[in-house]
Amino acid sequence: MTTLVTGGAGYIGAQTVRALRNASRDVVVLDTLERGNKQAVIDAKLIVGDIADQRLVAKICRKYKVTSVVHFAAYKAVGESMTHPMKYWQNNVSSTLKLLETLQAHNVSQFVFSSSAAVYGTPKSSPVTEKEPTFPENVYAETKLAVENILRSLAIDGLNSISLRYFNAAGASSDNKIGEDWATSQNLVPRVMRALLDDKFKFEVFGDDYATPDGTCIRDYIHVEDLAVAHVKALDYLESSGTTTVCNVGTGKGTSVTQLLEVAAKIAKREVPHTIGARRKGDPVSVFADATLANKVLDWHATHDLQSIIQSAFTWHSTHPNGYR
Ligand code: WQD
């Protein structure tokens with residue numbers, strides 16, 4: 001009973017590999033290392049290759065007796081998806097179809113998919129339940145929704161899947177072994193860390209004139225270790241004959257950019273150097289999760305608060321200014 005983790009050398013993938021190993025599950029990782037780091041794969045076999053290489057995936061399924069898959073392998077930069085759409089459709093959807101075809105041929109019928117709250121676009125209100133209409137506002141989100149729809153239809157063929165719609169993953173592993181590389185991330189938390197630790201870096205708050213209490217956007221920041229555990233729970237759900245579904249994975253708590261800066265300043269014992277810039281196109285004003293379904297169906301709950309998220313990120317970036325390099 002082995003779980004194949006595609007993209008397991010990535011930020012969330014590597015944390016999930018550790019959570020699966022901590023749950024005594026056998027794991028094999030497939031990653032191209034195009035954007036992943038081999039040092040992030042701990043206590044699991046790493047095979048360097050592409051999910052679209054059907055001969056390789058078939059060999060892995062046979063050799064490791066794969067019974068389930070956690071699928072992370074995808075591009076995830078929203079901005080890049082708008083300038084290179086075909087790259088995103090090819091890698092995130094067409095390659096996933098090839099992967100699914102191979103898995104079906106090898107009777108692998110349990111599939112956990114790394115989806116995103118970005119499928120909601122700008123929701124009418126928050127907290128957001130899974131019943132919220134989907135309205136992707138960028139190609140990255142479109143590709144995530146496309147795979148969700150493919151998975152929903154493959155349930156007819158006996159493929160049981162659960163698509164986890166992540167809110168804002170942040171932080172680093174509690175033992176400081178796995179974290180993000182601020183050189184490649186456009187996300188808020190790594191950039192706030194860089195503003196604190198790299199005095200050449202210019203950090204900008206993208207707008208403080210939104211209709212929120214302090215004028216800055218609100219998001220649901222979830223510790224990457226809590227997010228990783230949700231994948232283990234998702235496999236447990238599928239193994240106890242859970243049927244195909246989608247699930248939000250967030251804390252249910254909204255935090256504004258200003259509030260996050262205040263927590264970061266307390267932890268770093270200094271203000272976060274920043275300027276207030278223009279709004280970023282496509283930024284929803286407020287998006288945070290209603291995580292009731294994951295709480296109930298997966299028996300999953302977030303355990304880390306914002307302080308823990310920011311502290312782990314600060315510890316990681318203070319000791320790994322160049323990521324894994
Ligand atoms: C958070 C807030 C920005 C950077 C994206 C993807 C989503 C998911 C997570 C993959 C926003 C503000 C940010 C900066 C800022 N990725 N900000 N200055 O946009 O909520 O979600 O990443 O699944 O799919 O859409 O995350 O961290 O980029 O932004 O003011 O330099 O921080 O405006 O309000 P986002 P983010």
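Strands β1 (residues 2-6) and β2 (residues 26-31) pair in the parallel sense, and five bridges join them. The model described here is predicted. Both strands belong to an open sheet of seven strands, whose order is β3-β2-β1-β4-β5-β6-β11. The points below treat the sheet, the helices that lie on it, and two pairs of packed helices.

**The sheet**

- Within the pairing of β1 and β2, T6 stands opposite L30 of β2.
- Strand β2 is mostly covered, as five of its six residues are buried.
- The pairing throughout the seven-stranded sheet is parallel.
- The edges of the sheet are formed by β3 (45-48) and β11 (245-249); each has a single partner strand, so one side of each is left without a neighbour in the sheet.
- From one strand to the next, the twist averages 20 degrees.
- Strand β5 (residues 110-116) pairs with strand β6 (residues 160-166) in the parallel sense, over seven bridges.
- In that pairing, F113 stands opposite S163 in β6.
- In a regular strand, side chains alternate between the two faces of the sheet.

**Helices on the sheet**

- Helix α2 lies across β1, β2, β3 and β4 (66-71).
- The direction of α2 runs at about 170 degrees to β2; because angles over 145 degrees count as roughly antiparallel, α2 and β2 are roughly antiparallel.
- Helix α7 (residues 224-239) also packs on the sheet, where it touches β1, β4, β5, β6 and β11.
- The direction of α7 makes about 160 degrees with that of β6.

**Helices α2 and α4**

- Helix α2 (residues 54-64) packs against helix α4 (residues 85-105) at an angle of about 40 degrees, and their axes are 9 Å apart.
- The two helices are therefore oblique to each other.
- The crossing of α2 past α4 is right-handed.
- On the α2 side the contact involves Q54, V57, A58 and C61, which meet K98, L99, E101, T102 and L103 in α4.
- By class, this contact of α2 with α4 has five nonpolar, two polar and two charged residues.
- An α-helix has 3.6 residues a turn, so residues three or four places apart point the same way.

**Helices α6 and α8**

- Helix α6 (residues 188-197) and helix α8 (257-268) pack at an angle of about 45 degrees, with their axes 11 Å apart.
- This angle makes α6 oblique to α8.
- As α6 passes α8, the crossing is right-handed.
- The contact is made by L188, V189, V192, M193 and L196 of α6, together with V257, L260, L261, A264 and A268 of α8.
- The residues of the contact of α6 with α8 divide into ten nonpolar, no polar and no charged.

**The surroundings of α6 and L196**

- Helix α6 is mostly covered, with seven of its ten residues buried.
- The buried residues of α6 are L188, V189, P190, V192, M193, A195 and L196.
- Their cover includes the strands β7 (168-170) and β10 (221-223) and the helices α8 and α10 (306-319).
- L196, which lies in α6, has a relative accessibility of 8% and therefore counts as buried, since the cut-off for a buried residue is under 20%.
- Leaving aside neighbours within four places in sequence, L196 is in contact with A264, A268, R270, E271, V272, P273 and F314.
- L196 and K269 are 73 residues apart along the chain, while their C-alpha atoms are separated by 10.0 Å.

Notes:
Residues are numbered from 1 along each chain as its sequence is written. This is a predicted model: local features need pLDDT of at least 70, side-chain atom pairs count only at pLDDT 80 or more; totals for chains, interfaces and linings use all residues. Side-chain values use heavy atoms; hydrogens and water are left out. Axes are lines fitted to C-alpha atoms, for helices over the stretch in contact, and angles run from 0 to 180 degrees between N-to-C directions. Helices (H or I, at least four residues) and strands (E, at least two) are DSSP runs, numbered from the N terminus. Angles under 35 degrees count as roughly parallel, over 145 as roughly antiparallel, 65 to 115 as roughly perpendicular and the rest as oblique. A crossing is left-handed if the near helix is turned anticlockwise from the far one by less than a right angle, and right-handed if clockwise. Contact means heavy atoms within 4.5 Å. Ala, Val, Leu, Ile, Met, Phe, Trp, Tyr, Cys and Pro count as nonpolar, Asp, Glu, Lys and Arg as charged, and the others, Gly among them, as polar. Buried means under 20% relative accessible area, exposed over 50%, partly exposed in between (1.4 Å probe, protein chains only). Two strands pair if DSSP finds at least two bridges between them.
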